[in-house]
Amino acid sequence: MNSSPYHLLPTVWNELQTFKHVLISAHLDPDGDSIGSTLGLYHLLKSQGIQATIVHQHPVPKNLEFLSIPEKAYLTPSDPEIENVVSMADAWCVLDLNAPQRLGPDIRPFYDSFAGHTFVFDHHVEPSITAHSLTVITEASSTCEIIARLALTSNLSISKDAAQCLYTGIMTDTGGFRHPRTTADVMRLAATLIDCGADPVMIYDKVMNAQSFSSVKLLGKALNNVQVEHDGSLVLMIMRKEDLEGYSSEDLEGFVNYTLSITGAKIGGLITEWPDETVKMSLRAKPQFEVRSITEHFGGGGHMQAAGARVKQGNLEEIVKTIISMAGQSINK
Ligand code: 5GP
Ligand code: MN
């Protein structure tokens, strides 16, 4: 028996490559892994002569626009041709998400009524999305790692465009090769992608050095709002709706990482209250601690050490109180 969690990927590829027009989606509020994996798979399919179209709830974030995105390859709900494209497709690959609502409110109804074959490729635990083919590899650092290994184990060549996309998601989901999933195998895979043409210096610069002036000013405010609880074990960065007027989630990308940079911090969180009364939370934990149970309590999910949730019509003060209490239990376990 093959013990590698990746050993079934060639079988999945054999099935996938029988389809003629494949849709590709990932989670709303896209990040490096969701964009990198959808674009990476797009380039792999195209290189094998398979028609592909990406359908996402949200557009590509500015700092990822440098990736190769051919015209008409990436559709959002405001594109009039989306309905037609969905009806023409015979397969749909959903990447980097485990819950159907994470497709986004406009994409999910298409997925729910889709008549073709469905595939999921993901690295989150406990999938609640249904598909004909479910490839969930929780050992993977990122969905980009799964797609890269899909290509390598199926002997597909990885073009420079695909390599750039796949490297990007591995880099962002490992926090720049610093989070616990940064193994020797992941480093070897990154090196293979560099051999295929990914440029690590350029990618780091484009992805990480891309904050707008206003976003950096907002970081100043967010750092000012940091509060500590449980003797410094819990660090919360709280942003109220008046702080966020005129901003979007994209402007706060990466802010949560500052919470764990304080000595003694075990759990960190960015809690944001938006003008439409949605409260979002983005929680992080040091390796021995977990935050997924907290986000699950609020109907969200994620990984043990990086998880999130959004609460519609949420009461910020109540939510913060609950997070402080639940984080206390996690810290004292
Ligand atoms: P982030 O805090 O960066 O938004 O997300 C961290 C992790 O939690 C990611 O793996 C993401 O997929 C997951 N996550 C974030 N928000 C939600 C949510 O609202 N629902 C679920 N199920 N997962 C989420
Ligand atoms: Mn991911």
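This is a short dialogue on reading the sheet and the ligand site in a predicted model.

User: Where do I start with the sheet? In what order do the strands lie?

Analyst: Read a sheet by strand order and pairing. Here 6 strands form an open sheet in the order 7-8-9-10-12-11, with mixed pairing. Strand 7 (226-229) and strand 11 (301-302) are the edge strands, each pairing on one side only.

User: How does strand 7 run against strand 8, parallel or antiparallel?

Analyst: Look at the bridges between the two. Strand 7 and strand 8 (residues 234-239) run antiparallel, joined by 4 bridges. Val228 stands opposite Val235 in strand 8.

User: Which helices should I look at on this sheet?

Analyst: Check which strands a helix touches, then its angle. Helix 9 (residues 213-224) packs on the sheet and touches strand 7 and strand 8. Its direction makes about 130 degrees with that of strand 8. Helix 12 (residues 316-332) lies across strands 7, 8, 9, 10 and 12, at about 165 degrees to strand 8.

User: Now the ligand. Which residues come nearest to ligand 1?

Analyst: Begin with the shell, then look for polar contacts. Of 13 residues around ligand 1, the nearest are Arg102, His124, Ser282, Arg284 and Gly301. A ligand oxygen is 2.7 Å from a side-chain N or O atom of His124. For the side chain of Arg284, the distance is 2.8 Å. A polar backbone atom of Gly308 is 3.2 Å from a ligand oxygen.

User: How much of ligand 1 does the protein bury?

Analyst: Compare with the ligand alone. Ligand 1 then exposes 490 Å², and the protein buries 78% of that.

User: Which strand gives the most to the shell?

Analyst: Strand 12, with 5 residues. By class, the shell has 3 nonpolar, 7 polar and 3 charged residues.

Definitions and conventions:
Residues are numbered from 1 along each chain as its sequence is written. Chains are lettered from A and ligands numbered from 1 in the order in which they are written. This is a predicted model: local features need pLDDT of at least 70, side-chain atom pairs count only at pLDDT 80 or more; totals for chains, interfaces and linings use all residues. Side-chain values use heavy atoms; hydrogens and water are left out. Two strands pair if DSSP finds at least two bridges between them. Contact means heavy atoms within 4.5 Å. Axes are lines fitted to C-alpha atoms, for helices over the stretch in contact, and angles run from 0 to 180 degrees between N-to-C directions. A residue is near a molecule or strand if one of its heavy atoms lies within 4 Å of it. A polar contact is a pair of N or O atoms within 3.5 Å; within protein, one must be able to donate a hydrogen and the other to accept it, and residues adjacent in sequence count only if both atoms are side-chain atoms. Accessible areas come from the Shrake-Rupley method with a 1.4 Å probe; for residues, only the protein chains shown count as cover. Ala, Val, Leu, Ile, Met, Phe, Trp, Tyr, Cys and Pro count as nonpolar, Asp, Glu, Lys and Arg as charged, and the others, Gly among them, as polar.
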